[in-house]
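Work through the exercises below with the sequence and the 3D structure at hand. Each task is followed by a solution in steps.

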Amino acid sequence: MIIYGVYIVSKSGGLIFNLDNNVPRIEHEKTFTYPLDIILDYSPKKVSVVFNRKDGINVGHILVAVNGMAVNGATLEDGRDVKTLLETANNYPLNLKFGRPKMTTNEKIFLASMFYPLFAIASQLSPENKSSGIELLETDTFTLHCFQTLTGVKFIVVSETGLVGMDILLRKIYELYSDYALKNPFYSLEMPIRCELFDSKLQLLLDMIEKTGINNLDK
């Protein structure tokens, strides 16, 4: 079983903890002829696809290598400018490798703030009073599991599809949070969790369930 990430959202909607556990590196490689049939944006930090899609290469993907040479920002490892290289017809054909960019901390904070109102809307849409809100979101590539405590703190786990018993894992993470974060005299509520003991215990928990399965947690 694969756990992609763990997130903890405070009762006010702020991201106070996140762990990228086993995020797959999605890359697509293709040989192109001139001119390119995808449109790229060249910025000092990255070269990204802004229009068109082709063979798994989608808008938002970034250029990670040209002819096997890694791209650093807008230049190759040998110092050549990527834009100049790609806009020169004599350099083709070129083998280009694109990948999905890694989310930044600011992007994770933004997504956490978006999940908070969605959770509240789901609670209000329920035909029954005191709805628990969003507990499960399923897509074709991942599943999001959410557990909200009585104090409003949300524990979110993103995993591969088809897993069962994730409520057990969520409550185990809550126990670790209670034992190693809340009982830390230097931790303040609603603030980001920076506790090495909590980090290490959580990583051990995730490593264990990926090796032995989730059914062993309640033993």
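**Exercise 1.** Decide whether Met103 is buried, partly exposed or exposed, and find which residues form a nonpolar patch on the surface with Met103.

Solution. The model is a predicted one.
- Step 1: The relative accessibility of Met103 is 36%. Buried means under 20% and exposed means over 50%, so Met103 counts as partly exposed.
- Step 2: Met103 sits in the loop between strand E9 (94-99) and helix H2 (105-125).
- Step 3: Met103 joins Phe110, Leu111 and Met114 in a nonpolar surface patch, and together they have about 380 Å² of accessible area.

**Exercise 2.** Describe the largest nonpolar core and state which element gives the most to this core.

Solution.
- Step 1: The largest nonpolar core contains 27 residues. Those with the most contacts inside it are Ile3, Ile8, Leu169, Tyr177, Ile193, Phe198 and Leu202.
- Step 2: Two or more residues come from each of strand E1 (3-9), strand E2 (15-20), strand E12 (154-159), helix H3 (166-182) and helix H4 (196-212).
- Step 3: Helix H3 gives the most, with seven residues.
- Step 4: A separate, second core has 17 residues, including Leu40, Val82, Leu94 and Leu96.

**Exercise 3.** Lys154 and Ile8 are 146 residues apart in sequence; find how far apart they are in space, C-alpha to C-alpha, and whether Lys154 is buried or exposed.

Solution.
- Step 1: Lys154 belongs to strand E12.
- Step 2: The C-alpha atoms of Lys154 and Ile8 are 5.7 Å apart.
- Step 3: Beyond four places in sequence, the contacts of Lys154 include Tyr7, Ile8, Val9, Phe115 and Cys146. On the same terms, Ile8 touches Lys154 and other residues, among them Leu15, Phe17, Tyr177, Ile193 and Phe198.
- Step 4: Lys154 has 2% relative accessibility, so Lys154 counts as buried.

**Exercise 4.** Give the number of salt bridges, then examine the pairs Asp20 with Lys108, Asp55 with Lys30 and Lys183 with Asp179.

Solution.
- Step 1: The count comes to seven salt bridges. Side chains of opposite charge can pair when their charged atoms come close.
- Step 2: In the bridge between Asp20 and Lys108, the closest N and O atoms are 2.5 Å apart. Asp20 is in strand E2 and Lys108 in helix H2, so this pair ties together parts 88 residues apart in sequence. Asp20 is partly exposed at 29% relative accessibility, whereas Lys108 is buried at 9%.
- Step 3: Asp55 and Lys30 form a bridge whose closest N and O atoms are 3.1 Å apart. Asp55 is in the loop between strand E5 (47-51) and strand E6 (62-66), while Lys30 is in strand E3 (residues 27-32), 25 residues apart. Asp55 is exposed at 53% relative accessibility, and Lys30 is partly exposed at 22%.
- Step 4: Lys183 and Asp179 meet at 3.5 Å, N to O. Lys183 counts as exposed with 60% relative accessibility, and Asp179 as partly exposed with 38%.

**Exercise 5.** State how many disulfides the structure holds, and classify Cys146 and Cys195 as buried or exposed.

Solution.
- Step 1: A disulfide is a covalent bond between the sulfur atoms of two cysteines.
- Step 2: The structure holds zero disulfides.
- Step 3: Cys146 has 6% relative accessibility and therefore counts as buried. Cys195, at 9%, also counts as buried.

Definitions and conventions: Residues are numbered from 1 along each chain as its sequence is written. This is a predicted model: local features need pLDDT of at least 70, side-chain atom pairs count only at pLDDT 80 or more; totals for chains, interfaces and linings use all residues. Side-chain values use heavy atoms; hydrogens and water are left out. A nonpolar core is a set of buried Ala, Val, Leu, Ile, Met, Phe, Trp, Tyr and Cys residues joined through side-chain atoms within 4.5 Å. Buried means under 20% relative accessible area, exposed over 50%, partly exposed in between (1.4 Å probe, protein chains only). Helices (H or I, at least four residues) and strands (E, at least two) are DSSP runs, numbered from the N terminus. Contact means heavy atoms within 4.5 Å. A disulfide is a pair of cysteine sulfur atoms within 2.5 Å. Patches are made of residues with over 30% relative accessible area and no salt bridge: like charges are joined within 9 Å, nonpolar side chains (Val, Leu, Ile, Met, Phe, Trp, Tyr) within 5 Å. Accessible areas come from the Shrake-Rupley method with a 1.4 Å probe; for residues, only the protein chains shown count as cover. A salt bridge is a side-chain nitrogen of Lys or Arg within 4 Å of a carboxyl oxygen of Asp or Glu.
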